[in-house]
Amino acid sequence: MGELEELRAEVRSLADRLDITELFARFAAGMDAQDWEMLGSVFADDAVFDHTAEYWGKGIVEDVQVGKAEVLRMMKIGVSRHFVSHHVITNHRMKVAGDRARAVTYLTSVHLDDPQKPKTHEDHGAWYLTELARSTDGWKISRIKHIGLWRTNMEPPGPVRRDEVTEMKTWLDGVRAPAATKR
């Protein structure tokens, strides 16, 4: 690869990383503003949202939504019960392979349900393990897995499992470009 091609590849890589980071900012803002159109703009039509977790005394409980409409329906139920929320999605680690990418991000969120009781809120921290796909109108989340780590003022579902820690550590290794990537 020549110098110009290397420079173009580096600029594209940086632009992809910036676009994906901005996607997560829109994701957080959509939840906080309860802006369902903005929130919907981050998901692919065939998106999958996985909230599967281990619960104390119940074992592993599967909780997976499939398709953008179902993902948004469940997010509206979860987010709209809050008067206001504050989602911070940080520590973006990602790998891009053509029109596919994987990202590991950290979530901290605070939820205030009663505006008259600002000291009473529910907080939690999690990892998002995300698969993304480039579409004609930018990067979209095609699959996202929420791994809850801690909660305050909320009943924690259960322990973080060792396999979830391993999955977070190795998540980026699984990104593969499709055989025929169109640009």
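Is Lys68 buried, partly exposed or exposed, judged by its relative accessibility? Keep that question in mind while you open the model, which is a predicted one, and begin the tour by selecting Lys68 itself, which counts as partly exposed because its relative accessibility is 24%.

**Lys68 and its partner**

With Lys68 still selected, add Asp45, and you will see the two residues joined in a salt bridge whose closest N and O atoms are 3.7 Å apart. This pair links distant parts of the chain, since Lys68 belongs to helix α3 and Asp45 to strand β1, with the two positions 23 residues apart in the numbering. Asp45 has a relative accessibility of 63% and therefore counts as exposed, the cut-off for that class being over 50%.

**Across the strands: Glu131 and Arg102**

The structure holds eleven salt bridges, and another one to display is formed by the side chains of Glu131 and Arg102, which meet at 2.8 Å, N to O. Here too the pair links distant parts of the chain, with Glu131 in strand β7 and Arg102 in strand β6, 29 residues apart. Colour the two residues by accessibility and they fall into separate classes: Glu131 counts as partly exposed because its relative accessibility is 23%, whereas Arg102, with a relative accessible area of 15%, is buried. As a general point, side chains of opposite charge can pair when their charged atoms come close.

**Towards the end of the numbering: Asp163 and Arg161**

Next select Asp163 together with Arg161, a salt bridge in which the closest N and O atoms are 3.0 Å apart. Asp163 is partly exposed, with a relative accessible area of 44%, while Arg161 counts as buried at 15% relative accessibility. From there, move to Asp16, Asp99 and Arg134, which are joined into one network by salt bridges that share partners.

**The largest pocket**

Now turn on a pocket or surface display and look for the largest pocket, which has a volume of about 690 Å³. Which residues should be selected to find the centre of this pocket? Of the 33 residues in its lining, those closest to the centre are His51, Arg81, His124, His146 and Arg151. To follow the wall outwards, colour β2 (53-55), α3 (68-79), β6 (100-112), β7 (122-135) and β8 (138-152), each of which supplies at least two residues of the lining. Helix α3 gives the most, with six residues, and this is the helix in which you already found Lys68. If you colour the lining by residue type, 16 of its residues are nonpolar, twelve are polar and five are charged.

**A nonpolar patch on the surface**

Go next to helix α1, which covers residues 3-33 and contains Leu4. Selecting Leu4 along with Leu7 and Val11 shows a nonpolar patch on the surface, where the three residues together have about 290 Å² of accessible area. Leu4 counts as partly exposed, because its relative accessibility is 46%.

**Two residues with positive phi**

Continue to Gln34, in the loop between α1 and α2 (36-40), and check its backbone angles: phi is near 50°, a positive value in a residue other than glycine. Gln34 is partly exposed, with a relative accessible area of 25%. Then select Asn91, whose phi is likewise near 50° and positive although the residue is not glycine. Asn91 lies within strand β5, residues 84-97, and counts as partly exposed at 45% relative accessibility.

**Two loops to finish**

Where does Thr52 lie, and how far from Asp63 is it, C-alpha to C-alpha? Thr52 is found in the loop between β1 (43-50) and β2, and the C-alpha atoms of Thr52 and Asp63 are 4.7 Å apart in space, although the two residues are eleven apart in sequence. Thr52 is buried, its relative accessible area being 14%.

For the last stop, select Thr120, in the loop between β6 and β7, which is exposed with a relative accessible area of 51%. A distance drawn from the C-alpha atom of Thr120 to that of Met31 spans 20 Å, and the two residues are 89 residues apart along the chain.

Methods. Residues are numbered from 1 along each chain as its sequence is written. This is a predicted model: local features need pLDDT of at least 70, side-chain atom pairs count only at pLDDT 80 or more; totals for chains, interfaces and linings use all residues. Side-chain values use heavy atoms; hydrogens and water are left out. On a 1 Å grid over the protein atoms alone, a cavity is a set of points where a 1.4 Å probe fits but cannot get out, and a pocket is an open set with protein on both sides within 12 Å along at least five of seven lines; lining residues have an atom within 4 Å of a point. Grid points are joined across faces, edges and corners, and a volume is the space filled by probe spheres set on the points. Helices (H or I, at least four residues) and strands (E, at least two) are DSSP runs, numbered from the N terminus. Ala, Val, Leu, Ile, Met, Phe, Trp, Tyr, Cys and Pro count as nonpolar, Asp, Glu, Lys and Arg as charged, and the others, Gly among them, as polar. Patches are made of residues with over 30% relative accessible area and no salt bridge: like charges are joined within 9 Å, nonpolar side chains (Val, Leu, Ile, Met, Phe, Trp, Tyr) within 5 Å. Accessible areas come from the Shrake-Rupley method with a 1.4 Å probe; for residues, only the protein chains shown count as cover. A salt bridge is a side-chain nitrogen of Lys or Arg within 4 Å of a carboxyl oxygen of Asp or Glu. Buried means under 20% relative accessible area, exposed over 50%, partly exposed in between (1.4 Å probe, protein chains only).
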